[in-house]
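User: Could you take a close look at the internal empty space in this protein for me? I would like to know what surrounds it and how it fits into the whole.

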Amino acid sequence: MTAALLTAVRVTSPVPRDLWHAALAEDPDALATQTPGWLDAMCAVRPYRDVSRLYEWQDGRRLVLPLVRSRLTTAARAQELGWPLDWGIGGPVAPGGPVTRAEAATVFADLARRPGAAAYLRPSPLTDEVWRASAPGHVRRYPRITQIADLSGGYATVWSERFTSNTRRNVRKAERAGIGIEVGNDPRLIREFDRLYRMSVDRWAAQEGTSRPRARWRMWRKDPRRKFAAVARHLGDACQIWLAHHQGRAVAGIITMRQGEHAKYWRGAMDKTHAAATGAPTLLQALAIEAACAQGCRYYHMGDSRPDTPVTRFKQRMGGRLHHTEGWWIDPRPDTAPTGPGRHQEAAA
């Protein structure tokens with residue numbers, strides 16, 4: 001069965017950019033984290049290279065699978081990642097209709113026959129069911145929880161039916177406090193957001209009982225300022241930094257992204273001493289959701305969460321529903337490679 005799946009598909013790597021952009025334009029479920037700009041930002045920050053894969057069937061069906069591989073490791077030892085764990089959701093872009101079970105099985109089989117260490121695949125939570133149904137027994141599950149707000153009905157519906165009364169009260173409090181809002185993606189806003197983010201890291205370290213130097217080292221590895229700058233540069237206007245000002249001081253900030261009908265809240269930070277009593281963090285989220293509704297978005301993705309934490313409860317009060325989803329670790333299985341006439345074809349772009 002596996003060999004039959006692979007003989008029926010042609011694979012090109014890396015994916016030609018014109019075909020990738022065309023696929024994004026035809027997939028209403030594509031996310032900003034499935035774009036070439038996201039991959040390019042990743043490669044600008046870490047030593048990765050593009051090993052994305054284009055699957056083409058004889059009937060014209062195409063899938064684009066974003067993948068990277070470390071430039072510092074040989075192909076025989078490297079992981080292929082879609083995406084690294086701290087870069088969020090990847091998975092195939094599917095123009096013309098959702099991924100089918102047979103197509104998902106083909107992707108699993110193809111990644112299992114690649115040389116090197118295990119591959120990692122993190123599809124969109126909105127397509128999770130088909131991947132669960134198609135996963136072979138040898139793949140390893142990596143359970144995740146993410147939160148997504150449904151924007152159907154527009155902002156008036158979200159405000160009245162999906163925001164809690166506590167959320168609406170905090171938005172009004174922020175408006176009465178005279179919070180000023182600045183939106184853009186220029187370097188000055190990135191520097192100001194990074195300052196708030198560093199303050200947040202120190203606060204999180206105290207909450208978790210982690211030493212401040214260790215927390216800052218972890219932040220430097222996961223979210224250095226150059227990462228925020230690279231995402232803003234490579235995504236352009238699809239990436240926005242939102243800052244809330246109170247009494248001449250930036251007190252809270254978020255970074256959002258958009259692709260088609262999907263908006264995403266990516267990172268948030270605040271100066272809690274000056275922001276907590278103003279309602280500024282809630283106002284920022286409400287305004288970002290309002291903007292997403294105005295742009296015709298169906299969903300507002302709020303990122304991964306841990307169960308029953310203050311952050312998770314905050315997102316729930318903003319309408320973020322919990323989605324139990326999976327990442328997939330796929331160990332190499334050379335026995336899946338077909339042989340003989342008509343075998344799986346692979347071409348370099």
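Analyst:
**The enclosed space and its setting**

Happily, there is a clear place to start: counting cavities of 30 Å³ or more gives one. Please keep in mind that this is a predicted model. Rolling a probe the size of a water molecule over the atoms shows where empty space is left.

The largest cavity holds about 40 Å³ of space. Its lining is made up of Trp83, Pro84, Leu85, Gly88, Tyr120, Arg122, Arg144 and Asp304. By residue class, that lining splits into four nonpolar, one polar and three charged residues. Trp, Leu, Pro and Tyr count as nonpolar, whereas Gly is placed with the polar residues and both Arg and Asp with the charged ones.

Now for the surroundings. The protein is built with 13 helices and 15 strands. Along the principal axes, its C-alpha atoms fill a box of roughly 70 × 45 × 35 Å. The radius of gyration is 21 Å, which agrees with the value near 20 Å that a compact globule of 349 residues would have.

Burial and contacts fill in the picture. Of the 349 residues in the protein, 53% are buried, taking buried to mean under 20% relative accessible area. Among contacts with a separation of 6 or more, 76% join residues 24 or more positions apart. On the outside, the protein exposes about 15700 Å², and carbon and sulfur atoms supply 51% of that area.

Notes:
Residues are numbered from 1 along each chain as its sequence is written. This is a predicted model: local features need pLDDT of at least 70, side-chain atom pairs count only at pLDDT 80 or more; totals for chains, interfaces and linings use all residues. Side-chain values use heavy atoms; hydrogens and water are left out. On a 1 Å grid over the protein atoms alone, a cavity is a set of points where a 1.4 Å probe fits but cannot get out, and a pocket is an open set with protein on both sides within 12 Å along at least five of seven lines; lining residues have an atom within 4 Å of a point. Grid points are joined across faces, edges and corners, and a volume is the space filled by probe spheres set on the points. Helices (H or I, at least four residues) and strands (E, at least two) are DSSP runs, numbered from the N terminus. The radius of gyration is taken over C-alpha atoms; the globule rule is 2.2 Å times the number of residues to the power 0.38. Buried means under 20% relative accessible area, exposed over 50%, partly exposed in between (1.4 Å probe, protein chains only). Contact means heavy atoms within 4.5 Å. Accessible areas come from the Shrake-Rupley method with a 1.4 Å probe; for residues, only the protein chains shown count as cover.
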